Each structure stands twice: as C-alpha cells, then as structure tokens.
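Q: I've got a model open in my viewer and I'd like to learn how to read it feature by feature. Can you walk me through it?

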Amino acid sequence: MAKTKSKPMNQGLGAAKVAKKDEFYTQYVDIQKEVEAYLEFDLDAFRGKIVYCNCDDPFESNFFKYFAANFNRLGLKKLISTSYDGSPVAGVQLTLDEYNRTNGKRQKPKAIAIEIEEVKDLNGDGATDIEDVRLFLEQNPHHRTNLAEGGDFRSSECVELLKQADIVVTNPPFSLFREYVALLVRHKKKLLIIGNTNSITYKEIFPLIKANKLWLGCTNFNVGMFFEVPDDWENFHHIDEQTGKKIARVSTSCWYTNIDHGRRHEPLSLMTMADNLRYSKNLKGKSAYDRYDNYDAIEIGFYKDIPSDYDGIMGVPITFINKYNPDQFEIVGTTESNDPDNPFRTRVYTSKECRDAYQKRFGKSGVYDLNASGVVNGVKVFKRVLIRRCCRTVQGKKL
Ligand SMILES: C[S@@+](CC[C@H](N)C(=O)[O-])C[C@H]1O[C@@H](n2cnc3c(N)ncnc32)[C@H](O)[C@@H]1O
C-alpha cells in the first residue's frame, strides 16, 4: 500500500463508537483477501448465490465494487447493494456514476437499491470488470430503485431484499452491530461482516460463537485493519498516495462469519501439561497450573500453554477464539458476569466479600467485583473463555 505518514495513531473502534462515527470504509484489498480465502476452501462458496451488501452505497462501497467486478468469476446469481440516507459521506467519496453529476459534482444521493443479475463485457475490452458495471448502470437506470424508507438495514424495504439474499457481506455500522447480527441470524442468513473484536464477549454475540453459529473469518485478527475515513477525519494514520484518501488503523477489527473456511479447521499444535510446565517461560517455577477460586477450571494466560492432554475445563484468553478449531475444542462459557448460569462456576461472592477483597488488595474502600471474572488466589484475571478438549476418536481410539 502506498503510504504518506501522518499523525500516527491507533484509532480503536471503541473510540469510533463513542464519537458516533460509523464511517470507516473498507479497502478493496481487505475484502478481496477475505473473500478469496473462502474460495480456497470451497471454490463454489459464492456460486449461484445472491449476495447483499446492505450498508453500502453502490457507487462508493468497495464491497459492491469487489462483487460487481468478480460477479462472473464467483458465479453470483445476483448482487444487491443498498445505500443509507444518513451517511454523512454519501456522494463525496469514490463515484461510479459519472452520469449522475451536475456541474461536475455528484449530488448527494437519496438512498437507493441496486440489483444486478449479470455483468457482460459491455466495453468490449475482453474482460468483465467494474468498468462494465459502470456502463451497465448508465445504460440501465431502471436497475436502481429509490428507497422510500431511507435505506436503513432494518427498514421493511431492506428486510424484503434481505429475505432474497443468501449471503450478506459488509462492514455494518459499529454502533448497531448487535442489532445487525441479530437481524441476520433471525433471517438465517449466511454472513461475512466486519466487527470489533471486543464484540466477541457481548451477551448477544458470545452465545452464537459458543454454539458454533458464528466464528471469526480468515484474516488473522491480530493484524488490525486499515480503513478509509472521511476527509474531515483528524486522527488518521496516513494518506494513501494513490487515492489521496485518509486511512485510519483499527487494531481491534476482525471478520465475523458463519461460512466455513480452512483456517478454522487447522488444529493448534500444543504440548502436554508436563512439557509446558517444564519448558514454557510463562509457567516457570510452577509445579502445576493455577486453578480458579471461583471456577472448576485451570487458568491459562497464553493460548500456547494450553495442554494437549488435559480433559478438564480451561480458562483461556479471548484471543484463543482466533485459533479456535471446533474439531479440537469446545467452548463452554466465559468467566464474564454476562454468563451467570455457567455450570463451572463454583462460587458467587457476596457484596461484603467484594468490599473486603478491595480493601485487602488496594488498601482503601471500594468494591472488587470478583463475580465479573475468574479469580486466582484472590486476584481477578483478564477476560477468559472457558474451553475443553473435544473427545475425538479415530478408528475407535480416544485421542
Ligand atoms: C462502517 S461504515 C462501512 C461502509 C461500507 N460498508 C464499507 O465497508 O466501506 C457503515 C456504513 O453504514 C451506514 N449506516 C449507518 N447506519 C445505518 C443503518 N441503520 N442502515 C444502513 N446503513 C447504515 C453508515 O452511513 C456507513 O456508511
């Protein structure tokens, strides 16, 4: 990526949320990398499917551009894209519809839906690509419909389009992530969407992950992602030299999906408990793994220290989800307070115990909310996911 360094910063999605900014625009290359990874697992993952990008101005979104340009290669049946009236950058970013300009300036558009059922080589250059889509839209203005309800993904017009769709692919507004996922799940849709890694533990999201109804996408979530941001955005990371667009880095974004892919079937390569205790630098000096005071489980601070031969419950960092292979492990809960009925919880602290623990730890009065996490020797540890090994058998032999 061509870069011009500017104000370096790690713009978190959390900050974006607080600022009520939902205007992070996904780069073409990130969409391409993610989608293509599904094809490696199943070449026909998108063949014959109706793809719907429901938070995407078709003239500006790279989601629309990617799927339109690759319509034939992916074997799509139909591509639908709907824009949202409320977008503050509608009409000021990239444009495909040169014909929709007045005095050289594109008018701020009203919400529309675009539906495409074929992409032909209209300009006769021997390839079918985004130029052909532009020509197609120019020659077939009836393929766009004005959305009377403003293009909100929850509106009845958009829900009708959603019902048609097989796969929904987009980067939805961060502030509406819970609602967005709930709608797609309610309508039993396949999805491939970008969200915040912190959403993993949301009480609306975690049960889906636990039940293997939602998992992380192919792009490793530790890498962070770069997004195009509006021109008036101040805390950007750099300016892309080719496009002149401001780019912000979001360290806490990742892909969520319920489409199968190869990476989630790669087993984590692990050592036995004894070998970990002998060789892991994190467990140096210990003769056994720590156990929680309030869960019937062992504490594991680094996913690499997960023992390959322990059959009980293990508390592992949230980052484990990125390595989670459902053939190897089962997720049984979290140590979060939003999982109160967890059967592996062995103790619920009273308010007095929480106050006393605070006094003991910090030497002043306060409340140490011991019920909100796993506790080891009276000290709270970071957020943990509770897992256990899957009992797999190969040719009748328990592994
Ligand atoms: C994070 S941006 C991503 C835009 C585009 N999907 C992309 O990835 O480049 C989310 C988009 O959703 C739009 N949006 C906000 N609220 C919406 C709603 N209720 N329904 C549909 N779109 C909405 C925003 O205006 C914004 O354009």
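**Reading helices and sheets**

A: Sure, let's begin with a pair of helices: H2 and H3 cross in the right-handed sense. Keep in mind as we go that this is a predicted model.

Q: What else do I need to describe two packed helices?

A: In general, you give the angle between the axes and the distance between them. Here the axes of H2 (residues 28–41) and H3 come within 9 Å and cross at roughly 50°. That angle makes H2 oblique to H3.

Q: Which residues make the contact between H2 and H3?

A: From H2 you have Tyr28, Ile31, Gln32 and Val35, and they meet Asn62, Phe63, Lys65 and Tyr66 of H3. Sorted by class, the contact has five nonpolar, two polar and one charged residues.

Q: Is H3 buried or exposed?

A: Buried: eight of the eight residues of H3 (residues 62–69) count as such, so the helix is largely enclosed by the rest of the structure. The run goes Asn62, Phe63, Phe64, Lys65, Tyr66, Phe67, Ala68 and Ala69. Notice that Lys65 is on that buried list and is also part of the contact with H2. For the chain as a whole, 39% of the 399 residues are buried.

Q: Now for the strands. How do strands of a sheet pair?

A: The general idea is that they pair through backbone hydrogen bonds, either parallel or antiparallel. There's plenty to practise on, with 23 strands in the chain alongside 10 helices. Take the open sheet of eight strands, whose order is E8-E7-E4-E3-E9-E10-E15-E11, with mixed pairing. Strand E8 (144–146) and strand E11 (215–216) sit at its edges with a single partner strand each, so one side of each has no neighbour in the sheet.

Q: Can you show me one pairing inside that sheet?

A: Try E4 (residues 78–82) and E7 (residues 112–116): they run antiparallel and are joined by four bridges. To find the register in your viewer, look for Thr82, which stands opposite Ala113 in E7.

Q: What is the strand order in the open sheet of four strands?

A: That one reads E16-E17-E21-E18, again with mixed pairing. Its edge strands are E16 (297–299) and E18 (329–334), each pairing on one side only. From one strand to the next, the twist averages 35°. At the E18 edge, five bridges join E18 to E21 (residues 384–389), and the two run antiparallel. Glu330 stands opposite Arg388 in E21.

Q: Which strands pair with E14?

A: E12 (residues 225–229) pairs with E14 in the antiparallel sense over five bridges, and Val229 stands opposite Lys246 there. E13 (residues 238–240) is also antiparallel to E14, over two bridges, with His238 opposite Ile247.

Q: How many residues lie between E13 and E14 in their hairpin?

A: Five, and Gly244 in that turn has a positive phi of about 75°.

Q: Why is E14 described as largely enclosed?

A: Four of the five residues of E14 (residues 246–250) are buried, so the strand is largely enclosed by the rest of the structure.

Q: What about contacts across the whole chain?

A: Look at how far apart in sequence the partners are. Among contacts between residues at least 6 apart in sequence, 69% join residues at least 24 apart.

Terms used
Residues numbered from 1 in each chain as written. Predicted model: local features only at pLDDT ≥ 70, side-chain atom pairs only at ≥ 80, totals over all residues. Buried ≥ 20, exposed ≤ 12 C-beta atoms within 10 Å, placed from the backbone. Pairing = 2+ DSSP bridges. Axes fitted to C-alpha atoms, helices over the stretch in contact; angles between N-to-C directions. Parallel < 35°, antiparallel > 145°, perpendicular 65-115°, else oblique. Left-handed = near helix turned anticlockwise from the far one by under 90°. Contact = placed C-beta atoms within 7 Å. Nonpolar A, V, L, I, M, F, W, Y, C, P; charged D, E, K, R; others polar.
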